Structure formats: C-alpha cells, structure tokens
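Hi,

Here is the structure I promised to pass on. Have a look at it first, and my notes follow underneath.

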Amino acid sequence: MRGKLVSLSQFAIVIGILLAYIFDYFLIDITNSWRYMLLVPFIFSIIYMVLSTIYLPESPRWLVINNKKSEAKNVFEKIEGKKLAKKYINNIEESLSIKNKISFKYFLKGNIRKIILIGLLLAIFQQVVGINAVITYAPMIFENIGIQSQNALLQSILIGFVNFSATIIALWLIDKKGRKILLIYGAIGMTITLLYLTYAFSFSQSNILILIAILMYVIFYASSFAPILGVINSEIFSNNFRGIGMSFAAAINWLSAFLVVQFSPYIINNLGGSVLFGIFAVFSLLALIFVKLYIPETKNKSLEEIEKELNS
C-alpha cells in the first residue's frame, strides 16, 4: 500500500488547488479581492500548523537511526501490529551502513551518486514538463485564445476538478500496475497532447479542442508524474540518507517550478503559446526516455529490498 499512501499527499494537494480555484472564482468581483485570496491560505496554514503539531508522528526509520527504538516500535505497532514491529526494526538496523550525520562526500560515491542523480532528474522533469505553468496561468492561457476572464477562471476550476479526478486514477493503479508503467504512459500522453497544443497555438485551432487537449494533458500528468515523484524518491533513497536526499530533491523540484513559472508569462506573451508548449513537449519526450532507461520498478518490495537491489 506504500504507493497509494504516499500518493495521498499529492491527492491532498490537488484538493487544495481545486479549492483555491473555487475560492478565487467567488472572490474575483470583490473589491481588493487579492487580499482575500491571500487570507484564505493564511487561515488554512494555521490549521495545518496546529494539526501537524498534534497528529504527525516521526518516521520510524528516522527514530531507529537516531537511537529511539522504543518510539519507533510504538509507531510500527500502530501501523503493522506487534508481531511485525520487531522484524521491521531489525531489518532497518541491518540496512544501515552509516548512521546519523552523513558528509557530502557520501553522495559522490558510485551507486549513491547514481541514485541521487536519478531522484534529482525525476524531480526536475516533474516540473519542466510544464504543469505549474498550466495550473498557475490557466486563466491567462485561456484569455490568450480569446476567452473572457470570468469564463477563463471558470474553466480553471474545470482543470482543478480534472486534476483531482485523475489523481484518484493514480491512487487506484500505483500499487496494482506499478510506478514505472504509469510514468511511461503519462509521459507518452503528455508528449502527444503538448505537441497538439503546439500545433493548435501555431494555427489557431478551435478553443474547445485546445481546452480538451489541456484537460487531457492534466489527466496524464496527474495520474503519473504528480504523485509518483514522491513515491519513487521515498523508495530509492535508502534509510541513512532519505531525509537529506528527499529534501535536496524537493529543493531542486521547487527551483525548477520557480523557473517554469517565472519565464512562462514572458514566453507566451512574446513568443506565443506554440513556443511554450513546444518546449514542454520536448521535455516530456526527454522525460519518457529517462524513465524508460533509468527508473526502477519498486512496487511490492520493502524499502530494504529496494536498497539492496540498487546497491548490487
């Protein structure tokens, strides 16, 4: 169930995106509406902080690494029951070759360097295929093809709903079919839809067809790259550097998102939508090749089994 459970994080995110679109739609006609658009996430951030303090447990593997076995045992007992808790703790201890602090030189070693690079490149590809440009600038993209601002925001809600619905597909399939196959089909689908959008913006195709293509692109992305990045990286980064590795991957992921969001308005306003979607199509094709060659299938394996395979 690991893939499904980790993907629930992305499921929560797309619910938030959908709610943000809905709030913005109803606030758009209010004076100084942008102030209220910032107030809503402020309220939710307070709720998030309070609930995290009360309910979030530490990772049991982190607890073992930091010599807090009794606390780790309590967490495992809640998750797996008393019989399996001791077994899991023993497996973790056996897999740890380096404990506590890890120097930067550790990441430059052969297999470790390759695993880190795979995780970082997947984090980059998740963003440079363009999803945050579509999510953030959907109203501007729709206005660019002649749709009025109010209707553009309404269609953005449709994108948010499709994003939400497609994530359910990933939750359903990720532990049944596997991570790699979903990434491959997702990359193929994104490449095809982005190539069509490149063509559509070049030759002024129907607005309805452009909307359908954008929705299909969102479906392919939300059912593959969106939730699976967190799953894959949490699985291929071993116990003794998972925290640092995932933090580094998250930083690279957000840097990539920043660059996409920063430059997309300039490209679409000065060079046109065809150039923007053409760039994203190229990156989607590269992502497909990368996944096919380098991403391992990790379903139905324990974290320790995955670690042994990657290090062998």
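The lining of the second largest pocket splits into 11 nonpolar, two polar and no charged residues. (Nonpolar covers Ala, Val, Leu, Ile, Met, Phe, Trp, Tyr, Cys and Pro; charged is Asp, Glu, Lys and Arg; the others, Gly among them, are polar.) This is a predicted model, where local features need pLDDT of at least 70 and side-chain atom pairs count only at pLDDT 80 or more, while totals for chains, interfaces and linings use all residues. Residues are numbered from 1 along each chain as its sequence is written, and side-chain values use heavy atoms, with hydrogens and water left out.

Back to that pocket: its volume is about 190 Å³. Of the 13 residues lining the second largest pocket, V128, L259, V260, F280 and F283 lie nearest its centre. Two or more lining residues come from each of α6 (110–128), α12 (242–270) and α13, and α12 gives the most, with seven. Helices here are DSSP runs (H or I, at least four residues), numbered from the N terminus.

On a 1 Å grid over the protein atoms alone, a pocket is an open set of points with protein on both sides within 12 Å along at least five of seven lines, a cavity is a set where a 1.4 Å probe fits but cannot get out, and lining residues have an atom within 4 Å of a point. Points are joined across faces, edges and corners, and a volume is the space filled by probe spheres set on them.

There is one cavity of 30 Å³ or more, with a volume of about 30 Å³. A133, Y137, M140, I141, S264, P265, I268 and L276 line this largest cavity. Here α7 (131–144) gives the most, with four residues.

Now the helix pair. The axes of α9 (residues 179–202) and α13 (residues 273–294) come within 8 Å and cross at roughly 160°; axes are lines fitted to C-alpha atoms over the stretch in contact, with angles from 0 to 180 degrees between N-to-C directions. α9 and α13 are therefore roughly antiparallel (over 145 degrees). The residues of their contact divide into 15 nonpolar, seven polar and two charged.

One last residue: L286 sits in helix α13. At 39% relative accessibility, L286 counts as partly exposed (between buried, under 20%, and exposed, over 50%, with a 1.4 Å probe and protein chains only). The C-alpha atoms of L286 and V129 are 9.4 Å apart, with their positions 157 residues apart along the chain.

Cheers

Conventions
Angles under 35 degrees count as roughly parallel, over 145 as roughly antiparallel, 65 to 115 as roughly perpendicular and the rest as oblique.
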